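Student: Please choose a single part of this predicted model and look at it closely, setting it in the context of the whole chain. I would like one connected account rather than a list.

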Amino acid sequence: MNDFLAKVADVLEVESVAPETDFRQVEGWCSLKAFGLLVMLDQEYGKQIGIDEFLQFRTVSDLARAAGVAS
C-alpha cells in the first residue's frame with residue numbers, strides 16, 4: 001500500500017497522501033491529474049477505469065480498491 005500511496009502522491013504532485021485523502025481536494029487538482037491517475041491505474045496495475053466509474057471515486061482508498069491494492 002505504501003508504494004501505491006507514493007505513486008498517487010507523485011501523480012498529484014504532493015509530498016504524500018493517506019488512504020482517506022480526497023484527491024479532488026488536493027491543491028492544483030485538474031483534469032491532467034485525473035488523466036494521470038487513470039494512466040497510472042492502467043499502466044501500473046492493469047486496471048482500465050472508465051470515466052463514469054472514475055467520477056464516482058473520491059478518496060485514495062477508492063483508487064486503491066480499483067487497483068486491487070490491499071489497504
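Tutor: A helix here is a DSSP run of H or I that is at least four residues long, and helices are numbered from the N terminus. By that definition K33 lies in helix α2, and the part I have chosen for the close look, helix α4, spans residues 60-67. Since the model is predicted, everything below describes computed coordinates.

The setting comes first. The protein has four helices and zero strands, so that it reads α-α-α-α along the sequence. Its radius of gyration is 11 Å, close to the 11 Å that the globule rule gives for 71 residues, and it is therefore as compact as a globular protein of that length. The C-alpha trace spans about 25 × 25 × 20 Å along its principal axes. Of the contacts with a separation of 6 or more, 59% are between residues 24 or more positions apart, and buried residues make up 38% of the 71 residues.

Against this background, α4 is mostly covered, with seven of its eight residues buried. The buried residues are V60, S61, D62, L63, A64, A66 and A67, and together the buried residues of α4 pack against α1, α2 and α3 (51-54). The list of buried residues includes both S61 and D62 alongside the alanines. S61 deserves a careful word, because its relative accessibility is 18% and buried means under 20%. Leaving aside residues up to four places away in sequence, S61 touches P19 and E20.

L63 shows another side of the helix. With the same exclusion of residues up to four places away, L63 touches F4, V8, F23, L37, L41, F54 and F57. The largest nonpolar core has 22 residues, and L63 is one of the four, with F4, V8 and F54, that touch the most other members. The elements that give two or more residues to this core are α1 (2-12), α2 (31-45) and α4. In soluble globular proteins, nonpolar side chains tend to be buried together.

Beyond the end of the helix, α4 is followed by G68, which has a positive phi near 80 degrees. A70 lies in the segment after α4 and is exposed, because its relative accessible area of 60% is over the 50% cut-off. The C-alpha atoms of A70 and V8, which are 62 residues apart along the chain, are separated by 15 Å.

To return to K33 in α2, this residue counts as buried because its relative accessibility is 10%, under the 20% limit. K33 touches V11, L12, E13, E27 and G28, again not counting residues up to four places away in sequence. For the chain as a whole, there are 6 positive and 12 negative side chains, and the centres of the two sets lie 4 Å apart. The accessible surface comes to about 4,400 Å², of which 47% belongs to carbon and sulfur atoms.

How values were computed: Residues are numbered from 1 along each chain as its sequence is written. This is a predicted model: local features need pLDDT of at least 70, side-chain atom pairs count only at pLDDT 80 or more; totals for chains, interfaces and linings use all residues. Side-chain values use heavy atoms; hydrogens and water are left out. Buried means under 20% relative accessible area, exposed over 50%, partly exposed in between (1.4 Å probe, protein chains only). Contact means heavy atoms within 4.5 Å. The radius of gyration is taken over C-alpha atoms; the globule rule is 2.2 Å times the number of residues to the power 0.38. Accessible areas come from the Shrake-Rupley method with a 1.4 Å probe; for residues, only the protein chains shown count as cover. Lys and Arg count as positive and Asp and Glu as negative; His and the chain ends are not counted. The place of a charge is taken as NZ of Lys, CZ of Arg, CG of Asp or CD of Glu. A nonpolar core is a set of buried Ala, Val, Leu, Ile, Met, Phe, Trp, Tyr and Cys residues joined through side-chain atoms within 4.5 Å.
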